[in-house]
Amino acid sequence: MKIEVRLFATLRENRGKVLTMEFEEGSTAKEVITQLNIPIEEAAILLINGKHEALDYQLIDHDVVSIFPPVGGG
Amino acid sequence: MNKFIRVDMTTKKVEIQEVPEKYVGLGGRGLTSNFVNDEVKPTCHPLGKNNKIIFAPGMLSGTSAPNSGRISVGSKSPLTGTIKESNAGGTFSQKMAKMGIKALVIEGMPAEDEFYILKITMDGVTIEEAPKEILGGCGNYKAIELLNNKYGEKVGIALAGPAGEHRLPTANISFKDPDSNMRSAGRGGLGAVLGSKKVKALVIDDTGAPGVPIAEPEKFREASKVFAKALLDHPVSGQALAAYGTDVLVNILNEAGGLPAINFTKGRIDWNENIAGETLNATIKERGGEGKVSHGCHAGCVIRCSQWYPDKQGKLITSGFEYETIWGLGADAGIKDLDDIAYIDRAMDDIGIDSIETAVAVATAMEGGLLPWGDGKAVLEAVKEVAIPTPLGRLIGSGTTVVGKACGLFRVPVVKDQGIPAYDPRPIKGIGLTYATTTMGADHTAGYCISGNILKVGGNIDPLKKDGQIEYARAMQIGTAAVDSTGMCLFVYFGIADNPAGYQALIDMINAQYGINLTANDVDELGKSVLKVERAFNKAAGFTNAHDRLPEFFEYEPCPPHNEVWDFTPEEIDEVYNF
Ligand code: SF4
């Protein structure tokens with residue numbers, strides 16, 4: 001299945017902004033993160049289709065996965 | 001700190017008193033709000049002779065504690081009619097504290113139409129005629145340069161800009177920063193109160209200041225080290241804020257569907273990359289010159305969220321280029337060019353108007369047909385008219401509520417007449433509770449629920465659900481009222497929210513400075529007492545629970561992409577202040 005991955009802030013370095021990736025049915029969000037060589041603690045905020053999800057979220061075709069390092073502001 | 005200064009602008013008399021017993025243990029917002037509640041007639045007109053305005057450094061200001069140089073300004077707000085505390089960085093707070101000044105109050109108002117400068121030195125306060133060159137439309141950048149020339153490069157300055165002279169409800173108070181740029185006590189129109197009292201500027205010269213006495217210096221140093229380490233160790237306060245500034249929030253709020261756009265009609269845009277923190281960072285690096293990716297708004301800031309944004313030739317356009325401003329003009333008003341936004345930001349600083357209120361008012365004016373959507377050049381011209389002021393300038397300078405009424409709109413994003421900032425309350429429910437209930441009118445900083453809802457710092461709450469939000473909004477408002485009393489920049493929260501030792505170090509610094517023994521529980525009680533005092537003032541001014549509500553359109557206009565509406569009941573909202 002096809003997954004769109006969006007990366008932000010420091011996670012873009014050497015990886016790019018938006019990637020289209022292929023995954024097996026039943027893959028989890030965590031596998032996306034590890035496949036991209038992102039240390040788990042660097043993936044501080046994980047959104048799937050704009051909603052906060054846990055690492056064990058099971059992906060479905062055409063999910064949009066957005067990954068952020070720890071960031072803040074106000 | 002042993003001096004409590006009162007300046008009466010009716011009689012031009014200055015009195016330097018002992019600090020009243022009641023205020024000895026207070027600082028920052030705790031002091032300003034208690035004072036306003038004690039001495040300002042709640043039903044007074046904010047621009048009349050019975051309003052007063054108070055400047056107070058925080059409890060830790062003037063010490064070597066990192067990030068402790070915020071100044072609090074309190075008064076009755078001309079924008080909201082509520083009590084107001086607005087705080088800012090710059091050099092003013094540390095100078096006041098080092099001179100032993102607990103607070104400076106300005107009361108009364110002159111009969112004559114003359115502007116004055118208050119000059120504060122170790123010898124006292126003198127009231128001087130304001131030089132003509134800094135009046136009548138002179139921008140703040142120029143005014144600071146002229147005041148520096150007259151009083152010396154090292155003085156601290158608090159300034160009402162042209163908007164303050166015109167007593168417009170968006171007028172802020174600008175504080176000179178270490179590089180003679182500005183930081184603003186932005187919200188609530190306190191510059192108009194200063195203007196009504198005919199005070200153009202306060203100039204503070206701390207030559208000969210004794211510095212802040214520390215009861216237990218060794219203990220203080222220890223605690224300060226632990227505290228600094230907590231800030232620097234956390235990835236947000238230690239790295240991310242310095243690298244990307246607050247504007248890094250554009251992309252995350254956009255992805256989460258909570259970035260209010262086109263006057264709060266949707267929560268996501270497709271031009272986010274034009275205005276995002278990543279772009280801001282890359283542009284500053286690429287242009288070089290005077291540009292700086294990170295910069296502190298006062299000496300002792302270790303987080304350094306501020307920056308200098310240069311033009312294509314590398315010359316500074318604006319400093320302190322914040323998420324709120326960029327969101328308001330970029331997403332809510334649809335201006336897709338970061339340079340256009342930067343020039344408008346500079347103009348707002350120069351005129352002395354709150355960049356949040358102005359940006360929200362501009363987006364509302366666009367919906368009302370007064371300005372073309374997304375037209376940065378037209379907005380720049382309109383904003384400049386605030387300084388003259390033309391009728392359009394006066395309208396924009398009066399804030400979102402007035403623009404909404406003048407245009408006959410129902411979609412007017414305000415609470416207690418203050419513009420709603422950069423987080424949509426429908427898909428991020430916790431922040432809606434803060435907007436609705438804070439004593440300040442819609443204010444994200446009063447209880448920054450974005451942290452646990454979106455950023456997952458200090459909490460992990462589903463922003464789309466109601467669960468846990470009431471308790472969270474309550475706790476965040478209480479904690480913030482306490483932190484606002486210390487003189488600390490609110491961003492220290494990121495460093496200590498999930499680090500109990502860091503939080504304890506903050507309390508230890510206060511204890512070591514004053515030779516007291518506050519516990520975490522006492523700090524909590526301090527926060528509660530501040531909120532209660534503020535609420536008592538608002539109640540006496542005529543505010544009831546019915547004012548603690550979001551605009552009705554949030555209840556029936558779903559916000560795409562999540563298509564959520566605001567669905568807290570009045571009874572649930574009222575629970576926030578049940579403590
Ligand atoms: S973190 Fe930012 S707002 Fe806070 S003190 Fe530093 S520069 Fe000022």
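This passage describes the domains, ligand shell, aromatic pairs and two helices of a predicted model.

Chain B is assigned three domains. Domain 1 spans residues 3–204. Domain 2 is made of two segments, 216–244 and 425–579. Domain 3 likewise joins two segments, 245–251 and 259–423. The centres of domain 1 and domain 3 of chain B, taken over C-alpha atoms, are separated by 25 Å. Contact between these two domains of chain B involves 36 residues of domain 1 and 41 residues of domain 3.

The ligand is found at this pair of domains. Both domain 1 and domain 3 of chain B contribute residues to the shell around the ligand, so the ligand lies between them. The shell counts 14 residues. Those that come nearest are B:C297, B:H298, B:C301, B:C305 and B:C489. Sorted by class, the shell comprises 6 nonpolar, 5 polar and 3 charged residues.

Helix α11 of chain B covers residues 323–332. All 10 of its 10 residues are buried, so the helix is largely enclosed by the rest of the structure. Among these buried residues are B:Y323, B:E324, B:W327 and B:D332. The cover over α11(B) includes several other helices of chain B. Among them are α8 (249–255), α10 (277–287), α12 (338–351) and α13 (355–367). After α11(B) comes B:G334, which has a positive phi, near 75°. B:W327 of this helix also takes part in a ring cluster. Ring pairs link B:W327 with B:F264, B:F553 and B:F554.

Aromatic pairs number 18 over all chains of the structure. In one of them, the ring centres of B:F4 and B:F35 are 6.1 Å apart and the planes stand at 50°, so this pair is tilted. B:F4 belongs to strand β1 (residues 3–8) of chain B, and B:F35 to helix α1 (residues 28–39) of chain B, so the pair ties together parts 31 residues apart in sequence. Both partners are enclosed. B:F4 has a relative accessibility of 0% and counts as buried. B:F35 is also buried, again with a relative accessible area of 0%. A further tilted pair is formed by B:F491 and B:F494. Here the centres are 6.0 Å apart, with 40° between the planes. B:F494 is buried at 1% relative accessibility. B:F491 has a relative accessibility of 13%; the limit for a buried residue is 20%, so B:F491 counts as buried too.

Charged side chains also meet aromatic rings. B:K292 lies over the face of B:W308, 3.8 Å from the ring centre. B:R346 is placed over the face of B:Y141, at 3.9 Å from the ring centre.

Helix α22 of chain B runs through residues 520–540 and contains B:L531. B:L531 counts as buried, because its relative accessibility is 1%. Leaving aside residues up to four places away in sequence, B:L531 touches B:R29, B:T439, B:Q477, B:I478, B:A481, B:Y577 and B:F579. One of these contacts, B:Y577, is 46 residues from B:L531 in sequence. In space, the C-alpha atoms of B:L531 and B:Y577 are 8.9 Å apart.

Definitions and conventions:
Residues are numbered from 1 along each chain as its sequence is written. Chains are lettered from A and ligands numbered from 1 in the order in which they are written. This is a predicted model: local features need pLDDT of at least 70, side-chain atom pairs count only at pLDDT 80 or more; totals for chains, interfaces and linings use all residues. Side-chain values use heavy atoms; hydrogens and water are left out. Helices (H or I, at least four residues) and strands (E, at least two) are DSSP runs, numbered from the N terminus. Buried means under 20% relative accessible area, exposed over 50%, partly exposed in between (1.4 Å probe, protein chains only). Contact means heavy atoms within 4.5 Å. A residue is near a molecule or strand if one of its heavy atoms lies within 4 Å of it. Ala, Val, Leu, Ile, Met, Phe, Trp, Tyr, Cys and Pro count as nonpolar, Asp, Glu, Lys and Arg as charged, and the others, Gly among them, as polar. Domain bounds come from an automatic or database domain assignment. Rings of Phe, Tyr and Trp (its six-membered ring) pair if their centres lie within 6.5 Å; planes under 30 degrees apart count as stacked, over 60 as edge-to-face and the rest as tilted. A charge sits over a ring if NZ of Lys or CZ of Arg is within 6 Å of the ring centre and within 35 degrees of the ring normal.
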